[in-house]
Amino acid sequence: MSEHSTYTPGSGVEKWLDERLPIIRFSKEHLMDFPTPKNLNYWWTFGAILAFMLVVQIITGVVLAMHYTPNVALAFDSVEHIRRDVNGGRIIQATHAVGASMFFAAVYIHIFRGMYFGSYKAPREILWILGVLIFVLMMATAFMGYVLPWGQMSGWAATVITNIFAAIPVVGTPLLELLRGGFSVGNPTLNRFFSLHYLLPFVIAAVVVLHIWALHVPGNNNPTGVDVKSSRDTVPFHPYYTMKDLFGIVLFLIPFAWFVFFAPDILGHPDNYIPFNPQVTPAHIVPEWYFLPFYAILRAIDFNILFIDSKLGGVIFFGGSILILFFLPWLDTSKVRSGTFRPMFKWFYWLFVVNFVALTYLGAAPAEGIYVVLAKITTFYYFAHFLIILPLLSRLETPRPLPTSISESVLGKAHS
Amino acid sequence: MATQAEHHSTRRDFLFVATGAVGAVGAAAVVWPLINQLNPDASTLALASIEFNLAGIEEGQSVTIMWRGLPVFVRHRTPAEIAEAQAVPLSELKDPATDQERTKPGHEQWLVMIANCTHLGCVPVGDSGDFDGWFCPCHGSHYDSAGRIRRGPAPTNLVLPPYEFLSDTLIQIG
């Protein structure tokens, strides 16, 4: 993809700057003229939507931190103070809280797009791994942010999630006390979560820079999965994709704005409007919707596996369900990237999506009766997709013939 | 390779390795306080021991008190509950412990336990579940009238804090 530089400094000042800090050259080559496959569909706009969401969360978050107090006696009231007293605070707080949900909605679409079109395959493995790393950092950030309002759901989420670490043999309990800064979730916990919640978005931003760097070495994948062969297959990023991405962002803002203005609490839980009480657990605790699939996996393991007790077992599967994504590039060995040309993969892909949605549903369902059985089946299938189905498909499947180039697939054979 | 390294293995190499080693120790010495500050601080540890008067708790009543930030159940058990707990054969228990091991001799009516479910730390609901004890609403663990795990994902019995009877109606926890 590295073509000859398209930048010629115009003025004397630009030339002077270019010899010292070639920032204009860099911007022109990577943000404007970057050759991008001309067949990218709207699923590809979610990268830009995610960058936009990160900026939204950082800006609203910095503003909220100007009014929020990370102390167990004051935190709950300070969030209410933001919502009731601070000028525009109602909208800013709602944007940040709903923004977390919209951020995750976008990242799930982005991840599933990558999984369908084989964007994790060579030479984009590092790009994919950095993406999974961003996802993990997002989960940590969202979890700690959810604790800050210090309602019942906040406090019990902090209790349950930090308790996961206590399942680790030998070092579990000391590690738990180290994480909490006490024997239970309390003021030290809230303070450090606030500190880390402020820090992690900037770590995410740094990994996003690496993610885009890793993207710009091989260039974008595309819906055919066929490599770019000539400049006829590409268009410059600006204005073609800056405008398309911007339009995608505008469309994405419509449901976002609807939630913020008309239903800011619909994605949350009423119990979080009760201040945290360490003596009483709400009858039905569930995490935010974006953690439900993984929560379902954590709960599904309620039996001992050999010498591993049910608690540690749940934690291992919970961690494994995320860690396995790091290995995806080596589990799917099919040479064909795009699911469009993989007749069998396509079906199993959608089955995996349905299974993932089922896990989301089961994560919110009470842990009793048929739900327990279904959670075990869907958990098994989640892992089977990665460990059994993908490796087997790569051997058994006969892919459909690929177009010879992106141009051909866009314009039809007559033009090739 | 070996002979070449030997040939060039000089005082300079020794200094290089020694400097690196001292540097690593120094870095670790700087990192440790930055991690250790996360551990429970002096004010948290200072709350480690409390006294609690049992006199006001009626038979069949249960109260929840706080110790080191953790909720603690103090239950005045009925003779029926004690008899039921003592009659359970150890073979039926996931985490075997006799009722005597879970109470103090001469004070069998008093059950003092940390109120966090041993699964993921929720507070179980009293007087419920299938074993006349506690039921955890989060993930469905059932505990019996001695706080022993009987069914569900929790791995162990409700934890007993270190405590002793200072008199018949006064206990010290911690």
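This passage describes the disulfide, the salt bridges, a buried helix face and a surface patch in a predicted model.

Across the whole structure, the search finds 1 disulfide over all chains. It is formed by C122(B) and C138(B), whose sulfur atoms are 2.1 Å apart. The torsion about the S-S bond of C122(B) and C138(B) is about -100 degrees, so this disulfide is left-handed. The pair links distant parts of the chain, with C122(B) in the loop between β4 and β5 of chain B and C138(B) in the loop between β6 and β7 (141-143) of chain B, 16 residues apart. Both ends of the link are buried, C122(B) having a relative accessible area of 1% and C138(B) one of 4%. Chain B also holds C117(B), which is in no disulfide and has the sulfur of C136(B) as its nearest cysteine sulfur, 3.8 Å away. C117(B) counts as buried at 4% relative accessibility. For C136(B), which likewise is in no disulfide, the nearest cysteine sulfur is that of C117(B), and C136(B) is buried with a relative accessible area of 2%. Because a disulfide is defined here by sulfur atoms within 2.5 Å, the separation of 3.8 Å leaves C117(B) and C136(B) outside that class.

The count of salt bridges comes to 18 over all chains. In chain B, the side chains of E92(B) and R150(B) meet in one of them, at 3.3 Å from N to O. E92(B) lies in the loop between α4 (79-87) and β4 (110-114) of chain B, whereas R150(B) lies in strand β8 (residues 149-151), so the pair ties together parts that are 58 residues apart in sequence. E92(B) is partly exposed, at 49% relative accessibility, while R150(B) is buried, at 16%. Strand β8 of chain B also contains R151(B), which forms a salt bridge with D130(B), the closest N and O atoms being 2.5 Å apart. Since D130(B) belongs to the loop between β5 (125-128) and β6 (133-136) of chain B, this second pair ties together parts that are 21 residues apart in sequence. R151(B) is partly exposed, with a relative accessible area of 42%, and D130(B) is partly exposed, with one of 49%.

In chain A, a salt bridge joins the side chains of E19(A) and R20(A), at 3.9 Å from N to O, and both of these residues are exposed. Elsewhere in chain A, K121(A), D332(A), R342(A) and E397(A) are linked in a network of salt bridges.

Helix α12 (residues 310-323) of chain A has 14 residues and should span 20 Å at 1.5 Å a residue, which agrees with the 20 Å between its end C-alpha atoms. Its buried residues are S310(A), K311(A), L312(A), G313(A), G314(A), V315(A), S321(A) and I322(A). What covers the buried residues of α12(A) includes α6 (125-147), α7 (152-165), α11 (292-300) and α15 of chain A.

Helix α15 (residues 370-396) of chain A also contributes to the surface, supplying 5 residues, the largest share, of a nonpolar patch. This patch is formed by M344(A), F380(A), L387(A), I388(A), L392(A) and L396(A), which together have about 610 Å² of accessible area. One of these residues, L396(A), lies in helix α15 and is exposed, with a relative accessible area of 59%.

Terms used: Residues are numbered from 1 along each chain as its sequence is written. Chains are lettered from A and ligands numbered from 1 in the order in which they are written. This is a predicted model: local features need pLDDT of at least 70, side-chain atom pairs count only at pLDDT 80 or more; totals for chains, interfaces and linings use all residues. Side-chain values use heavy atoms; hydrogens and water are left out. Patches are made of residues with over 30% relative accessible area and no salt bridge: like charges are joined within 9 Å, nonpolar side chains (Val, Leu, Ile, Met, Phe, Trp, Tyr) within 5 Å. Accessible areas come from the Shrake-Rupley method with a 1.4 Å probe; for residues, only the protein chains shown count as cover. A salt bridge is a side-chain nitrogen of Lys or Arg within 4 Å of a carboxyl oxygen of Asp or Glu. Helices (H or I, at least four residues) and strands (E, at least two) are DSSP runs, numbered from the N terminus. Buried means under 20% relative accessible area, exposed over 50%, partly exposed in between (1.4 Å probe, protein chains only). The expected span of a helix is 1.5 Å times one less than its number of residues. Contact means heavy atoms within 4.5 Å.
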